[in-house]
Amino acid sequence: MKQILGFECLNCLNSFSVLITDVYFDKLRELHFTPEPTCPRCGATQGIQFSLATEEIIDHWVWDGKIRTKK
């Protein structure tokens, strides 16, 4: 599943988009993305959150069962 998703960096307050090629839950039901969202301004991988539009997209995917669980 390829989708451009929006993210926000809480470290430098930058908004950015990433072309995501894979989304899955791990055994602990934590969501993972390929590639991992990284802020292009400060390089942070921690402190990254979904934009509101991305949160809605993810919610729809979860409810529609479109996100697989990786074992």
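In this predicted model, the buried residues of helix α1 are covered by elements that include the strands β1 (3-9), β3 (22-25), β4 (31-34) and β5 (48-50). The buried positions of α1 are T54, I58 and W61. Around the helix axis these residues cover an arc of only 60°, and therefore lie on the same side of α1. The other side of the helix carries L52, H60 and W63, which are exposed.

The length of α1 was compared with the span expected from its residue count. The helix comprises twelve residues (residues 52-63), which at 1.5 Å a residue should span 16 Å. The C-alpha atoms at its ends are 17 Å apart, so the model agrees with the expected value. Just after α1, G65 adopts a positive phi of about 70°.

A further buried position was found outside the helix. N14 is located in the loop between β1 and β2 (15-20). Its relative accessibility is 11%, and N14 is classed as buried because this value falls under the 20% cut-off. The side chain of N14 forms a polar contact with the side chain of R41, at 3.4 Å. When residues up to four places away in sequence are not counted, N14 touches F7, E8 and C9, together with C39, P40 and R41. R41 thus appears both among the residues touched by N14 and as its polar partner through the side chain.

Conventions: Residues are numbered from 1 along each chain as its sequence is written. This is a predicted model: local features need pLDDT of at least 70, side-chain atom pairs count only at pLDDT 80 or more; totals for chains, interfaces and linings use all residues. Side-chain values use heavy atoms; hydrogens and water are left out. Helices (H or I, at least four residues) and strands (E, at least two) are DSSP runs, numbered from the N terminus. The expected span of a helix is 1.5 Å times one less than its number of residues. Buried means under 20% relative accessible area, exposed over 50%, partly exposed in between (1.4 Å probe, protein chains only). The arc is that of the directions from the helix axis to the C-beta atoms. Contact means heavy atoms within 4.5 Å. A polar contact is a pair of N or O atoms within 3.5 Å; within protein, one must be able to donate a hydrogen and the other to accept it, and residues adjacent in sequence count only if both atoms are side-chain atoms.
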